[in-house]
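Here's a quick walk through the fold, going from the sheet to the helix packing and then out to the domains. Have the viewer open as you read.

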Amino acid sequence: MINVAEIKRQVSPVEVIERYTGARRSHGKYPCPFHADKHPSLSVKADKWHCWACGAGGDVLNFTQKYFGLSFVEASVKLASDFNIEIEAEPTKRDIWAQVEAECRQKRRQELQQVREDIDGEIEAMTIIHRAMFRSGVPDEVLNRYAKEIDDLENYKEYWR
Ligand code: ZN
């Protein structure tokens with residue numbers, strides 16, 4: 001997304017013409033690169049340029065387009081890059097989605113953390129019961145089944161990473 005207004009705000013036709021054509025102003029005008037200009041006839045006023053001889057004129061973007069034979073977008077990119085202009089515009093839809101996604105992930109992380117803590121609590125309680133059952137001589141078959149349930153919970157906890 002290119003912020004053309006930002007380019008126009010930051011780069012003046014004077015800078016663009018001088019940098020790209022290498023010409024310097026004489027008697028307030030530049031030699032026009034768009035016709036065989038014997039006497040400088042291109043003048044600049046604020047963010048516009050105009051050639052009094054051939055009638056060409058416009059802003060920094062169409063100067064760059066015309067001078068290098070570029071499309072509008074190519075000219076924007078060239079200007080932004082040559083004059084170090086940040087060309088990212090207002091937050092795009094993409095940025096907003098990324099923001100929403102980050103918030104959802106954060107929320108999910110908190111929920112997962114909660115689930116893991118709940119499972120940990122469950123495992124701890126079952127481990128205490130398992131030990132008590134072992135001490136009171138509960139048959140191995142029951143103990144093993146109980147131990148397997150604890151294992152399952154451990155695995156289940158892994159699932160919530
Ligand atoms: Zn001209």
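Two strands count as paired here if DSSP finds at least two bridges between them. With that in hand, take the sheet in this predicted model: three strands form an open sheet in the order E1-E2-E3, and the pairing is antiparallel. Strand E1 (42-45) and strand E3 (57-58) sit at the edges, each pairing on one side only. Between E1 and strand E2 (residues 48-51) there are four bridges, again in the antiparallel sense. If you want one to click on, Val44 has Trp49 in E2 as its bridge partner.

Now for the helices. Two packed helices are described by the angle between their axes and the distance between the axes. Here are the three pairs:

| Helix pair | Angle | Axis distance |
|---|---|---|
| H2 (residues 13-21) and H3 | about 20 degrees | 9 Å |
| H3 (residues 60-68) and H4 (residues 72-82) | about 105 degrees | 9 Å |
| H5 (residues 93-135) and H6 (residues 140-159) | about 165 degrees | 10 Å |

Start with H2 and H3, which pack at about 20 degrees. Angles under 35 degrees count as roughly parallel, so H2 is roughly parallel to H3. The crossing of H2 past H3 is right-handed. On the H2 side the contact uses Pro13, Val16, Ile17 and Tyr20, and these meet Val60, Phe63, Thr64 and Tyr67 in H3. By class, that contact has seven nonpolar residues, one polar and no charged.

H3 also packs against H4, this time at about 105 degrees. The roughly perpendicular class runs from 65 to 115 degrees, and H3 and H4 are therefore roughly perpendicular to each other. Val60, Leu61, Thr64, Gln65 and Phe68 are the H3 residues involved, facing Phe72, Ala75, Ser76, Lys78 and Leu79 in H4. Here the split is six nonpolar, three polar and one charged.

What about H5 and H6? Their angle is about 165 degrees, and anything over 145 counts as roughly antiparallel, so H5 and H6 are roughly antiparallel to each other. H5 passes H6 in a left-handed crossing. The H5 residues in this contact include Ile119, Ile123, Met126 and Phe134, while H6 brings in, among them, Leu143, Tyr146, Ile150 and Leu153. Charged side chains take part too: Arg116 and Glu122 are among those listed for H5, and Glu149, Glu154 and Lys157 for H6. In total the contact of H5 with H6 divides into twelve nonpolar, two polar and five charged residues.

Finally, zoom out. The domain assignment splits the chain into domain 1 (4-82) and domain 2 (93-159). How many Å separate the centres of the two domains? Taken over C-alpha atoms, the centres of domain 1 and domain 2 are 67 Å apart.

Methods: Residues numbered from 1 in each chain as written. Predicted model: local features only at pLDDT ≥ 70, side-chain atom pairs only at ≥ 80, totals over all residues. Domains from an automatic or database assignment. Helix = DSSP H or I, 4+ residues; strand = E, 2+ residues; numbered from the N terminus. Axes fitted to C-alpha atoms, helices over the stretch in contact; angles between N-to-C directions. Contact = placed C-beta atoms within 7 Å. Nonpolar A, V, L, I, M, F, W, Y, C, P; charged D, E, K, R; others polar. Left-handed = near helix turned anticlockwise from the far one by under 90°.
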